[in-house]
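I opened this notebook to record what I looked up in the structure, one topic at a time. The entries follow the order in which I checked things.

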Amino acid sequence: MSQQELLLDSAPSGAKESRGRSRLGLIVTGVMGGSLVALYAVAAPFVAPALRKICLPFVPATTAQVENVLNVLRARSGSLVDIGSGDGRIVTAKHGFKASGFELNPWLVWYSRYKAWREGVHCSTSFHISDLWKVSFGQYSNVVIFGVPQMMDQLELKLARELPRTAKVVACRFPFPTWVPEETAGEGIDTVWVYDAETFKSQLKNKFTFK
């Protein structure tokens, strides 16, 4: 076979290889693009709260924290609200309360609803996608909050204005800046602080007018 014939035979093969590489490149680009879109869809609800003025990140409560919350509220009854309810482990615990959770992250709210159904407590629990600053908590007699230091002073004033005098507030991880707790339970990161609404309303009555 002459050199010219060899060149002619090799040309179609090279073209095929080029077309094959082009198709492979398109497939890889499509997969990477789809993966990035999926990653954004999953991560966006988690990242968005961090872009707010006050960040309330999701950090799952430990078993000890949940137990401490339930222990300090064991003699209580009525309604319970978990502010920043995360994956719903406080609300779905079988504690006997009519319980609600407020959470900004829709993925966590959907998971919490599924968890409540799986645990058989969906009839006594509810979960809401909502910004805590746009919700009134005046109807609740027991409040649980997993907060961050940057928000506790503002939340202190909000709850003092809205809660009934018979309410109890349980703060986890971080205490309120000016309220004096009537009780604490646990140690280290599992510590919870219990506050009586009658007491903290009285503490602040010289600065604010309450209902």
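Before anything else I noted the cut-off that I would need: a residue is buried when its relative accessible area is under 20%, exposed when it is over 50%, and partly exposed in between. By that cut-off Lys-168, at 14% relative accessibility, counts as buried. I also noted that I am working with a predicted model.

**Entry 1, the chain as a whole.** I looked up the secondary structure and found five helices and seven strands in the chain, which follow one another along the sequence in the pattern α-α-β-β-α-β-β-α-β-β-β-α. Of the 211 residues, 39% count as buried. I then turned to the contacts between residues at least 6 apart in sequence, and 64% of these join residues at least 24 apart.

**Entry 2, strand 5.** I went next to strand 5, residues 168-172, and asked how many of its residues are buried. The count is five of five, so I have put the strand down as mostly covered, with the under 20% cut-off in mind. Lys-168, Val-170 and Cys-172 point one way from the strand, while Val-169 and Ala-171 point the other way, and residues on both sides are buried.

I then checked what pairs with strand 5. Strand 4, residues 142-146, runs parallel to strand 5 and is joined to it by five bridges, and within this pairing Asn-142 has Lys-168 as its bridge partner. Between these two strands the chain passes through helix 4, residues 149-162, and the resulting β-α-β crossover is right-handed. Strand 7, residues 192-196, is also joined to strand 5 by five bridges, but here the two strands run antiparallel. In that pairing Cys-172 stands opposite Val-192.

**Entry 3, the salt bridges of Lys-168.** Having seen Lys-168 listed as buried, I asked which side chains it meets in salt bridges. One is that of Glu-182, with an N to O distance of 2.5 Å. Glu-182 lies in the loop between strand 5 and strand 6 and Lys-168 in strand 5, so this pair ties together parts that are 14 residues apart in sequence. Glu-182 itself is partly exposed, with a relative accessible area of 45%.

Another partner of Lys-168 is Asp-196, where the N to O distance is 3.1 Å. Because Asp-196 lies in strand 7 and Lys-168 in strand 5, the pair ties together parts that are 28 residues apart in sequence. Asp-196 is buried, at a relative accessible area of 16%.

**Entry 4, other salt bridges.** I also looked beyond Lys-168, and the count of salt bridges comes to seven. Lys-94, Arg-118 and Glu-119 are joined into one network by salt bridges that share partners. Asp-87 and Arg-89 meet through their side chains at 2.5 Å, N to O. I noted that Asp-87 is buried, with a relative accessible area of 9%, whereas Arg-89 is partly exposed, with a relative accessible area of 28%. As a reminder to myself, side chains of opposite charge can pair when their charged atoms come close.

**Entry 5, helix 4.** I came back to the helix of the crossover and looked up its span: helix 4 has 14 residues and reaches 20 Å from its first C-alpha to its last, close to the 20 Å expected at 1.5 Å a residue. I also noted a kink of about 30 degrees, centred on Leu-155. Leu-155 is one of the buried residues of this helix, which also include Met-151, Met-152 and Leu-159. The charged residues Glu-156, Lys-158 and Glu-162 are on that buried list as well.

**Entry 6, two loop residues.** Arg-173 is found in the loop between strand 5 and strand 6, and its phi is near 75 degrees, a positive value in a residue other than glycine. At 22% relative accessibility, Arg-173 counts as partly exposed.

Last, I asked where Ser-130 lies and what it touches. Its place is in the loop between strand 3 and strand 4, and at 19% relative accessibility Ser-130 counts as buried. Leaving aside residues up to four places away in sequence, Ser-130 touches Phe-102, Glu-103, Leu-104 and Val-135.

Methods
Residues numbered from 1 in each chain as written. Predicted model: local features only at pLDDT ≥ 70, side-chain atom pairs only at ≥ 80, totals over all residues. Heavy atoms only, no water. Buried < 20%, exposed > 50% of the residue type's maximum accessible area, 1.4 Å probe, protein only. Helix = DSSP H or I, 4+ residues; strand = E, 2+ residues; numbered from the N terminus. Pairing = 2+ DSSP bridges. Right-handed = clockwise from strand over helix to strand, strands pointing away. Expected span 1.5 Å × (residues − 1). Bend = angle between axes of the 7 residues up to and from the residue. Contact = heavy atoms within 4.5 Å.
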